[in-house]
Amino acid sequence: MTNTGEKTTHFGFKDVAEDQKAGMVHGVFTSVASKYDIMNDVMSMGIHRVWKDALMDWLAPRPGQRLLDVAGGTGDVSFRFLKRAPGASAVVLDMTESMLVAGRKRAEAEQMAESLNWVTGDAMALPFEDNQFDVYTISFGIRNVTRIQDALSEAYRVLRPGGRLMVLEFSQLPNPAMQKAYDLYSFNVIPRMGQMIAGDRDSYQYLVESIRKFPDQDSFAQMIKTAGFHNVKYRNLSLGIAALHSGWKI
């Protein structure tokens, strides 16, 4: 319960005080950090790798660009970006230090060390000056942010004019029957996998609930426009299980 008049938000299906959510999300990802990549493969049957490749295909990284990968966790997106863009650089930002530690242990991190920085920070208050980056990506992270609109506004602020926002996030299937079937899988299978593989059912229960609370494709596209972005478009992946959103700072 929260005090009368206190701002609230959702943590999965629970209502919590806004100033509590970040700490609760931090606890979830601290708990799952060491098994995060394995669980992504198990939960999506490896399809998350295809989705991230689709992000790169649409983004088409160019040599010399500077990427900010927010909620970048263990570096999946940044590694892909740097492999496709010679002379580029990337900053992986995440609020959970243990996720960054897991990322630094990956072989790609050592190979790309000169082009890669790891920063602990908050998507709603980025520790960077205005107009610093050519590309801003956030993959499966924005639904965990307490105030999504604030994070989008920060993305706009740190991008240079001509810069691009790319968001990869779980979304909603347009067919109600398919959505119901997917929900049955999500709520009955994924938390059990979390218990078996990561020893943590509750964190994966939250992750499933957070997907259902995230806005649908059109609603989220409107939020991106509200932050100031132009030419906002999205593409459904795997029939809408996930979606890619793109916007430009003009």
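Trainee: Is Phe-220 buried or exposed?
Mentor: Phe-220 is buried, and its relative accessible area is 0%. Please keep in mind that this is a predicted model.

Trainee: What about Phe-214, buried or exposed?
Mentor: Phe-214 has a relative accessibility of 6%, so it counts as buried, the cut-off being under 20%.

Trainee: How many aromatic pairs are there in the whole structure?
Mentor: The search returns 8 aromatic pairs. One of them is formed by Trp-51 and Phe-140, with 6.0 Å from centre to centre and 50 degrees between the planes. That pair is tilted.

Trainee: Where do Trp-51 and Phe-140 lie?
Mentor: Trp-51 belongs to helix α3, residues 47–59, whereas Phe-140 is in the loop between β6 (133–139) and α7 (148–158). The pair therefore ties together parts that are 89 residues apart in sequence.

Trainee: Are those two residues buried or exposed?
Mentor: Both Trp-51 and Phe-140 are buried.

Trainee: And how far apart are the ring centres of Phe-214 and Phe-220?
Mentor: Their centres are 5.0 Å apart. The planes meet at 55 degrees, so this pair is tilted.

Trainee: Which residues do ring pairs link into a cluster with Trp-51?
Mentor: Phe-140 and Phe-170 are linked with Trp-51 into a cluster by ring pairs.

Trainee: Turning to charges, which residue lies over the face of Trp-58?
Mentor: Arg-235 does, at 3.9 Å from the ring centre. In addition, Lys-249 lies over the face of Tyr-156, at 4.8 Å from the centre of that ring.

Trainee: Now the sheet. What is the strand order?
Mentor: The order is β5-β4-β3-β6-β7-β9-β8, in an open sheet of 7 strands with mixed pairing. From one strand to the next, the twist averages 15 degrees.

Trainee: Which strands stand at the edges?
Mentor: The edges are β5 (116–120) and β8 (230–237). Each has a single partner strand, so one side of each is left without a neighbour in the sheet.

Trainee: How many bridges join β4 to β5, and do they run parallel or antiparallel?
Mentor: There are 5 bridges between β4, residues 89–94, and β5, and the two strands run parallel. Among the bridge partners, Asp-94 is matched with Thr-120 in β5.

Trainee: Last topic: which strands does helix α10 lie across?
Mentor: Helix α10, residues 217–226, lies across β7 (159–170), β8 and β9 (242–248). The helix runs at about 155 degrees to β8.

Notes:
Residues are numbered from 1 along each chain as its sequence is written. This is a predicted model: local features need pLDDT of at least 70, side-chain atom pairs count only at pLDDT 80 or more; totals for chains, interfaces and linings use all residues. Side-chain values use heavy atoms; hydrogens and water are left out. Rings of Phe, Tyr and Trp (its six-membered ring) pair if their centres lie within 6.5 Å; planes under 30 degrees apart count as stacked, over 60 as edge-to-face and the rest as tilted. Helices (H or I, at least four residues) and strands (E, at least two) are DSSP runs, numbered from the N terminus. Buried means under 20% relative accessible area, exposed over 50%, partly exposed in between (1.4 Å probe, protein chains only). A charge sits over a ring if NZ of Lys or CZ of Arg is within 6 Å of the ring centre and within 35 degrees of the ring normal. Two strands pair if DSSP finds at least two bridges between them. Axes are lines fitted to C-alpha atoms, for helices over the stretch in contact, and angles run from 0 to 180 degrees between N-to-C directions. Contact means heavy atoms within 4.5 Å.
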